[in-house]
Amino acid sequence: MWRTLVALVLFVTPALAQERVTAYDALRVVGIHINRDAVNHVVSVTGAKGDPQPETWKILLDDRAHGGIREIQVRNGRVTSERPSAMVGSTEGATINTSRLNLDSSGAFQVASHIAEKSGTRFDSASYTLRTDPHRDPVWIVTLHAVNGQPVGTIHIGANRGNVTRTEGMFAGATMADVQTEREVPREVRHREETASENQNEEGDDEHGPLYGVRQRMRPYFERAQDEASGMFGRVKRSFSDFINR
């Protein structure tokens, strides 16, 4: 019986070792490698060339006890590199409140894929960055890449509520600066913008930029995809606190 169990473990382990882990899994590895409190000092989590998850996750930790930022790389469920980071500047306000994380990288990918589908954007791989936004809320920034590696679009997703707050380079070929929207834009502000746009039909769009009209036309499509992505959040929501404490 024991020999059979050992043989089974030896057979299964190589397959598991090749499975690409999510960002939550990588953070758990860091917590085991250093200590449980380490996950409360995360500045950013990044991964490139995900298919859909990347082979390697790079985690930056605020390591003030040693006078700087520590960079840890996790691959195949284990730490493969640990060194001081070359990152410069203050980390004040940059530490991620992991108790507010409700979206793993796997969920972020599903939301980003939905937005890409609705905008008609084809992609081959995805790169991920988890960090804080200007309001100190955690946010996923998912950049989609074509087969040749060129970026074809970027989606900003709130890691707390799963809300899509911004897209770049998507929706009917608009450029990276054309389609940018905040979810909480008041209705009266939108009305004023639309009225201003109508009043400028004969004078041009110079006040708002040469492609202001393109952005306005794309906004309803973006908002529809945004609402649908928000509806997905209930299916992909995953509390990091529950995950790390189980």
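**Notebook: pocket, strands and core**

**Entry 1. A pocket.** I began with the lining of the second largest pocket: its residues divide into five charged, four nonpolar and two polar. The model I am reading is predicted. Which residues lie nearest the centre of this pocket? I found Asp-37, Ala-38, His-41, Asp-62 and Asp-63 there, among 11 lining residues. Strand β2, residues 56-63, gives the largest share of the lining, with three residues. For the space inside, I noted about 180 Å³. Rolling a probe the size of a water molecule over the atoms shows where empty space is left.

**Entry 2. The whole chain.** Next I stepped back to the protein. I noted 246 residues, of which 43% count as buried. The protein has six helices and eight strands. Along the sequence I read the pattern α-α-β-β-β-β-α-β-β-β-β-α-α-α. I also looked up contacts between residues at least 6 apart in sequence; 53% of these join residues at least 24 apart.

**Entry 3. Strand β6.** How many residues of strand β6 are buried? I found eight of its eight, over residues 138-145. Then I sorted the residues of β6 by direction. Pro-138, Trp-140, Val-142 and Leu-144 point one way. Val-139, Ile-141, Thr-143 and His-145 point the other way. Both sets are buried.

**Entry 4. The partners of β6.** I looked up strand β5, residues 125-132, and saw that it pairs with β6 in the antiparallel sense over eight bridges. One bridge joins Thr-132 to Pro-138 in β6. The two strands form a hairpin, with five residues between them. In that turn, Arg-136 has a positive phi of about 70 degrees.

Strand β7, residues 151-158, also pairs with β6 in the antiparallel sense, over seven bridges. Here I noted Leu-144, whose bridge partner in β7 is Gly-153. The hairpin of β6 and β7 has five residues between the strands as well. Within this hairpin, Gly-149 takes a positive phi near 90 degrees.

**Entry 5. Val-139.** I picked one residue of β6 to follow, Val-139. Is Val-139 buried or exposed? It counts as buried because its relative accessible area is 7%, and the cut-off for buried is under 20%. Beyond its neighbours within four places in sequence, Val-139 touches Thr-129, Leu-130, Arg-131, Thr-132 and Asp-133. It is also in contact with His-156, Ile-157, Gly-158 and Ala-159. I then looked up Thr-165, which is 26 residues from Val-139 in sequence. Their C-alpha atoms are 9.4 Å apart.

**Entry 6. The nonpolar core.** Which members of the largest nonpolar core touch the most other members? I listed Trp-57, Ile-59, Trp-140, Val-142 and Ile-157, out of 41 residues. From these I chose Ile-59 for a closer look. Leaving aside neighbours within four places in sequence, Ile-59 is in contact with Ala-26, Leu-27, Val-30, Val-42, Ser-44 and Val-45. Further on in the chain, I found its contacts with Arg-70, Glu-71, Ile-72 and Val-74.

**Entry 7. Ser-85.** Last, I turned to a loop residue. Where does Ser-85 lie? Its place is the loop between β4 (78-84) and α3 (105-119). I still entered Ser-85 as buried, because its relative accessibility is 18%, and under 20% is the cut-off. Its contacts, apart from neighbours within four places in sequence, are Leu-60, Ile-69, Arg-70 and Glu-71. Arg-70 and Glu-71 were on my list for Ile-59 too.

Definitions and conventions. Residues are numbered from 1 along each chain as its sequence is written. This is a predicted model: local features need pLDDT of at least 70, side-chain atom pairs count only at pLDDT 80 or more; totals for chains, interfaces and linings use all residues. Side-chain values use heavy atoms; hydrogens and water are left out. A nonpolar core is a set of buried Ala, Val, Leu, Ile, Met, Phe, Trp, Tyr and Cys residues joined through side-chain atoms within 4.5 Å. Buried means under 20% relative accessible area, exposed over 50%, partly exposed in between (1.4 Å probe, protein chains only). Contact means heavy atoms within 4.5 Å. On a 1 Å grid over the protein atoms alone, a cavity is a set of points where a 1.4 Å probe fits but cannot get out, and a pocket is an open set with protein on both sides within 12 Å along at least five of seven lines; lining residues have an atom within 4 Å of a point. Grid points are joined across faces, edges and corners, and a volume is the space filled by probe spheres set on the points. Helices (H or I, at least four residues) and strands (E, at least two) are DSSP runs, numbered from the N terminus. Ala, Val, Leu, Ile, Met, Phe, Trp, Tyr, Cys and Pro count as nonpolar, Asp, Glu, Lys and Arg as charged, and the others, Gly among them, as polar. Two strands pair if DSSP finds at least two bridges between them.
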